[in-house]
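This report looks at how strands, salt bridges and a pocket are arranged in one protein chain. Please keep the sequence and the 3D view at hand while reading.

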Amino acid sequence: MVSSLKGVSRSSLEIGKGQGVTHMTVINATPVQATVSAHVHGVQSNTHEQHTETIHPQQAQVISLTRQNAGEYKVDWAINFSNGTHAEWNENISPGAVSKTMLLGNDRVTIDGKQVARVKKGASARHPHHEKGARFPAPVDVPASALPSGSVIHLKSFKTNKNVQILQDGTIRALGGKGAFTRFVVDPTPKGHLRLRSEKFPQHFIALKGVAGQGNSACHLRAQMIAPNRYVLRSIDGSKGIGFQADGSIKPSSEVGTGEGASFSIVFADVQPMSQIHPLLRPNNVVRLKCKKTGKYARIKDSAMDGNGGQGPLTRFRINPSEDGHLRFESVHTPGQFLSHKGSVGQGGPHTEFVAHVASSPDELHFRSLDDTKALGFKEDGSIKPAENVARGPAGTFIIESA
């Protein structure tokens with residue numbers, strides 16, 4: 001099984017005779033569970049594939065849509081929410097679409113910032129059909145754009161149904177839940193090879209040697225998809241792999257094939273993979289938020305918020321996600337004070353947690369509450385606009401800039 005992977009060199013957009021893949025990051029920004037169904041079929045030929053994934057509230061997951069033949073392919077989408085609402089639509093995806101981001105909101109669904117459907121009452125008339133999970137004729141390389149540098153992911157083993165974790169002593173095992181030991185930062189090499197670094201213990205990387213590595217060649221990985229939403233982690237030449245036994249212990253890398261022990265699902269550990277929305281939203285970046293309504297910047301001054309700031313220190317905010325990975329803006333000038341959607345300065349609690357929605361251009365964003373009912377916004381005079389009244393107009397639209 002291992003030898004069949006050696007020397008494989010395939011682009012994610014040109015596999016065999018036109019096979020390819022589009023990685024759709026689906027962010028469930030609603031307070032309810034969402035069942036996402038995608039029926040994929042070729043436009044030029046009669047090929048079919050079905051995906052059905054359940055995404056919990058405030059979580060994100062990658063759904064990888066494969067194309068078995070050249071040309072565009074059509075996707076029939078159906079989203080059923082556990083509160084009895086749904087959304088459905090059709091779209092054609094071109095061969096050049098490697099990665100896209102879908103945001104599920106309370107009243108609408110957007111893809112790359114553009115609305116594609118409204119959320120309606122009742123269940124969708126569309127139901128899953130066709131067999132799910134069939135293996136591909138050959139592994140498909142996962143492009144770097146699907147796992148951006150700085151993203152934090154969980155790797156869930158098909159063998160143990162648990163997340164991979166690295167312990168302080170460098171032990172690698174697949175027995176984790178969703179705690180700090182199971183969070184891995186995508187940290188590619190200068191040449192672009194995938195590396196997965198422990199967020200909790202930054203000196204440790206997942207490695208092809210039975211224990212954690214320190215970032216050298218044993219930590220250089222090649223992520224490949226072998227079936228819809230089923231991934232393997234191989235060495236660059238394909239001769240070794242990352243895999244686990246039923247008891248969660250790691251297998252010798254030279255004995256790892258492509259079975260359950262070597263297979264993983266990939267789920268973004270943070271609620272929203274913020275670096276995919278905008279690179280300035282990566283943790284620890286310092287930014288300014290310019291309100292389109294006032295033409296000035298959001299600031300915290302004398303423990304109060306307003307939208308009348310300039311280029312001074314009061315308008316500088318550090319991206320400081322919550323423990324659950326929610327987007328937060330902490331004042332650099334007065335640490336411990338955060339922008340919020342409650343009408344006053346926050347201290348880092350739920351009112352300071354946001355989901356970023358792309359507006360009319362990549363640098364223009366809305367910062368809305370997790371349940372999409374409130375948002376950060378300012379009136380024309382710079383005073384705070386009641387959060388429940390902030391829609392997607394100029395008052396709630398911000399241009400993000402590096403500070």
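A residue is called buried here when its relative accessible area is under 20%, exposed when that value is over 50%, and partly exposed in between. The model under discussion is a predicted one. With the cut-off in mind, strand 13 (residues 163-166) can be described as covered on both faces, because N163 and Q165 on one side, and V164 and I166 on the other, are all buried under the 20% limit.

**Strands and their partners**

Strand 13 is joined to strand 14 by three bridges, and the two run antiparallel. Within this pairing, I166 has I172 of strand 14 as its bridge partner. The two strands form a hairpin with five residues between them, and in the turn G170 has a positive phi of about 95°.

Further along the chain, strand 20 (residues 286-291) is mostly covered, five of its six residues being buried. Strand 20 pairs with strand 27 (residues 398-402) in the antiparallel sense over five bridges, and in that pairing K290 has I399 as its bridge partner. Strand 20 is also joined to strand 23 (residues 317-319), again in an antiparallel manner, by two bridges, with V287 standing opposite F317.

**Salt bridges**

How many salt bridges are counted in the model? The count comes to seven, and the table lists three of these pairs, with the distance between N and O for each.

| Pair | N to O distance |
|---|---|
| D107 and R108 | 3.1 Å |
| R183 and E199 | 2.4 Å |
| D187 and R195 | 3.7 Å |

The partners in the D107 and R108 bridge fall into separate accessibility classes: D107, with a relative accessible area of 26%, is partly exposed, whereas R108, at 19%, counts as buried. The 19% of R108 lies under the 20% limit, which is why R108 is placed in the buried class.

In the R183 and E199 bridge, the side chains meet at 2.4 Å, N to O, and the pair links distant parts of the chain, 16 residues apart. R183 sits in the loop between strand 14 (172-176) and strand 15 (184-186), while E199 sits in the loop between strand 16 (196-198) and strand 17 (222-227). R183 is buried, with a relative accessible area of 13%, and E199 is partly exposed at 34%.

D187 and R195 form a salt bridge in which the closest N and O atoms are 3.7 Å apart. Salt bridges that share partners join D187, R195 and R197 into one network. R195 counts as buried, at 15% relative accessibility.

**Cysteines**

The structure holds zero disulfides. C219 is buried, with a relative accessible area of 0%, and C291 is likewise buried, with a value of 1%.

**The second largest pocket**

The second largest pocket holds about 290 Å³ of space. It is lined by 17 residues, of which V142, P143, A144, G192 and L194 are the closest to its centre. Which kinds of residue make up the lining of this pocket? The lining divides into ten nonpolar, four polar and three charged residues.

Terms used
Residues numbered from 1 in each chain as written. Predicted model: local features only at pLDDT ≥ 70, side-chain atom pairs only at ≥ 80, totals over all residues. Heavy atoms only, no water. 1 Å grid on protein atoms, 1.4 Å probe; cavity = no way out; pocket = protein on both sides within 12 Å on 5 of 7 lines; lining within 4 Å. Points joined across faces, edges and corners; volume = space filled by probe spheres on them. Nonpolar A, V, L, I, M, F, W, Y, C, P; charged D, E, K, R; others polar. Disulfide = S-S within 2.5 Å. Buried < 20%, exposed > 50% of the residue type's maximum accessible area, 1.4 Å probe, protein only. Salt bridge = Lys/Arg side-chain N within 4 Å of Asp/Glu carboxyl O. Helix = DSSP H or I, 4+ residues; strand = E, 2+ residues; numbered from the N terminus. Pairing = 2+ DSSP bridges.
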